[in-house]
Structures are given as structure tokens and as C-alpha cells.
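This report concerns the packing of helices and strands in the structure shown below. It proceeds from the sheet to the helices and then to the surroundings of the ligand.

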Amino acid sequence: MPMPHLLSPFTAWVRRQSSLPRNKRILDALDRSDAPAVKAIGQAVRQRLTDAQWTAEEEARIRAVENYRARLLASTETFEVVDYGAHGPDADRNRNEMETGIRVGRSVAALAKGAASPPFWGQCMFSLVRALRPGLCLELGTSLGISASYQSAALKLNGKGRLISIEGDPSIARIATAGLKEQGYTETEVRCGRFMDVLPTLLRECGPLDFIFIDGHHDHEATKEYFDMLLPHMAPNAVVIFDDIRWSPGMFKAWEELCSDPRTGYVIDLGRWGLACIGAKKVGPAMPEKFELG
Ligand SMILES: C[S@@+](CC[C@H](N)C(=O)[O-])C[C@H]1O[C@@H](n2cnc3c(N)ncnc32)[C@H](O)[C@@H]1O
């Protein structure tokens, strides 16, 4: 079966519609929670499932992100990048290779096609940040800055909050910084370096983290280590998104273990993403019910 995020937009839409009754039951459970973050996530997911209308200013910001994506997809630029992390679900990199990275040739267009959050998920991110109204957001894995653009757009419209995003490769980080600046998001900061090198200083100097998107170094051990490292710096009601929890058996194992970890609070499985609402009471079975989000 294809990964949910590889479905065509139309097929994904049809699947979302046909699964609405089942999703509704889970949404009702989120609505009943007394944790504001869980309720806010329920609202944001409901909006995306029902393809709710954007306001004119939201639509303009979303269009600007998608125009930026279109420019990246049309680019003919190629460069050499350091490819950090697990590389692919079937790649068998050892820890040293994941952390040191491997130099590879890439095109901007291929990165925009293969690494960036697809429109549906970018817009889920936008709705979540609009609903949660976080103060400080952290992203592990900027790539060309598509998900960072969606978060920055939502923060701008919220009138509060800022984002720091970390990218290992300097050429990729440069393009992301330029893309964010072009859209007017000069307050979003892209820090270049390996997560493990950048995080200690960043975490010492920044305030409590309200919203975290972990979208790089998709490896079982690494994912759990980043969570452990970030946890002491999270705000009491922080929300953490783990991207690509079904990308590889290792990623799914990490998600299952995180679900049964009391420190992750209320956990929500959106298919592609796993969400942890820190500080909200864990309910039901350790493994949450899975949404059909397409
Ligand atoms: C899947 S892409 C991020 C996509 C982006 N969040 C989006 O949706 O538009 C993951 C990025 O994380 C970076 N990365 C992976 N492992 C890293 C590490 N250990 N340190 C720093 N960057 C890393 C890669 O260079 C890559 O650009």
C-alpha cells in the first residue's frame, strides 16, 4: 500500500471524505478533552478534513508558499549537499554515516519534490499553528523551507510567536533563508549545523518551546534521543510533531515506544504525523487510534 502522503491529491481527498464518519468519532473524543492543546488540534484537523474555507489573508499567505514551492520545482540549479540522517527507509546507514553525512549531487527541484512537506500537510501545519498560537517554535530539518514557510505564515497572522529551524547543509539552508526572506519572514531564523551540534547552545539560550516539528534524521534511536534532549526545554503544554512515523520500521517502533512513554502525554496518530501533547493526560490504550487523513 502506498504511503498516505504519496497518494494523488484527488485520491487523498476521496479517502478523507469516505473516512469522515470514522474520523468524526476520534474528533469528538479530542473535543471532549479538557486539555486546550488537544481541543485546538481537534479543531485544526476538523478544518482540514472538511476542507474548510480560508480567510482572504490566510489564502494569500498559503498561495505565496505554494508559489515559492512552484519556483523551486521549476529550478534548474544543481549542487553538492551533505546528506545527513537515514537517507531512505531501505538505506542501511550506520550511526557514523548518519551523523557525518554523505556528499551527494542534488537538484533543487528534486529536493522540492522529494523532501518538502506536500501542500495538504503544510496546510495542516498552518492550521495547527493558527489554532495553538505558540510562542516559540522549533523545527529540526528545514530543507528548502516549505514547512518553515507555513509555520511562519501562521505565526505572522497570529501576530505572535517565532520559529527557529535547523538545517545541516549550508547550501540548502541558504536557499531556505532566501525563500523565507522573499516571503517577508525575516524573523524566522534558520540555524545551520547538525542538530546535535546546534541544539545544546540553542536550548541554553532560548525560552521554553511551545511547538516542535521533528522532520529530519528519521532513525529509531535518533528520534528518541532528540525527544529526550528537547523535553526539559518544553513548555508545560508543548506540542511535538514527529513526521513520517510510518517511513520505516524503525520510525514506527520509535513512535510506538513514545506512545507508551508517560512523558509524551496525550498522543494522536494522524497517519503521517504522530503528535504528542505534553502535559495532557494520556487516555485509552497506549497506541492511539489512527486518523485517516490521506
Ligand atoms: C525531510 S527534510 C525537511 C523538510 C522540511 N521540514 C519541509 O517539510 O519542507 C529533512 C532535512 O533535515 C536535514 N537533516 C537530516 N538530518 C540532520 C541532522 N542530523 N542535522 C541537521 N540536519 C539534518 C536534511 O539535510 C534535510 O534537509
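Val 267 has Ala 276 of strand S9 as its bridge partner. This pair is taken from a predicted model, as is everything that follows. Strands S8 and S9 (residues 274-277) pair in the antiparallel sense, and four bridges join them.

These two strands belong to an open sheet of seven strands, ordered S5-S4-S3-S6-S7-S9-S8, in which the pairing is mixed. At the edges lie strand S5 (189-192) and strand S8 (266-269), each of which pairs on one side only. From one strand to the next, the twist averages 15°. Helix H3 (residues 36-49) lies across strand S7 (234-242), S8 and S9, and runs at about 150° to S9.

Helix H8 (residues 146-158) packs with helices H4, H7 and H9, and the geometry of each pair is set out here.

| Helix pair | Angle | Axis separation |
|---|---|---|
| H4 (residues 56-74) and H8 (residues 146-158) | about 160° | 10 Å |
| H7 (residues 119-132) and H8 | roughly 30° | within 8 Å |
| H8 and H9 (residues 170-182) | about 30° | 10 Å |

The first pair packs at an angle of about 160°, and H4 and H8 are therefore roughly antiparallel to each other. Their crossing is right-handed. On the H4 side, the contact is made by Glu 57, Glu 58, Arg 61, Val 65, Tyr 68 and Arg 69, while H8 contributes Ile 146, Ser 149, Tyr 150, Ala 153 and Leu 157. Six of the residues in the contact of H4 with H8 are nonpolar, one is polar and four are charged.

For the second pair, the axes of H7 and H8 cross at roughly 30°, which makes H7 roughly parallel to H8. H7 also passes H8 in a right-handed crossing. From H7, the contact involves Gly 122, Gln 123, Met 125, Phe 126, Val 129 and Arg 130; these meet Ile 146, Ser 147, Tyr 150, Gln 151, Ala 153, Ala 154, Leu 155, Leu 157 and Asn 158 in H8. Classified by type, the contact of H7 with H8 has nine nonpolar, five polar and one charged residues.

The third pair packs at an angle of about 30°, so H8 is roughly parallel to H9. The crossing in which H8 passes H9 is right-handed. Here Ala 148, Ser 149 and Ser 152 of H8 meet Ala 176, Gly 179 and Leu 180 of H9. The contact of H8 with H9 has three nonpolar and three polar residues, and no charged residues.

Ser 149 of H8 thus appears in the contact with H4 and in the contact with H9. Similarly, Ile 146, Tyr 150, Ala 153 and Leu 157 of H8 are listed in the contact with H4 and in the contact with H7.

The remaining topic is the ligand. It is surrounded by 19 residues, of which Gly 85, Ser 117, Gly 141, Gly 168 and Gly 216 are the closest. H8 and strand S4 (162-167) each supply at least two residues of this shell. By class, the shell around the ligand comprises seven nonpolar, eight polar and four charged residues. Helix H8 therefore enters this account in two ways, because it packs roughly antiparallel to H4 and also supplies residues of the shell around the ligand.

Notes. Residues numbered from 1 in each chain as written. Predicted model: local features only at pLDDT ≥ 70, side-chain atom pairs only at ≥ 80, totals over all residues. Axes fitted to C-alpha atoms, helices over the stretch in contact; angles between N-to-C directions. Parallel < 35°, antiparallel > 145°, perpendicular 65-115°, else oblique. Left-handed = near helix turned anticlockwise from the far one by under 90°. Contact = placed C-beta atoms within 7 Å. Nonpolar A, V, L, I, M, F, W, Y, C, P; charged D, E, K, R; others polar. Near = placed C-beta within 6 Å. Pairing = 2+ DSSP bridges.
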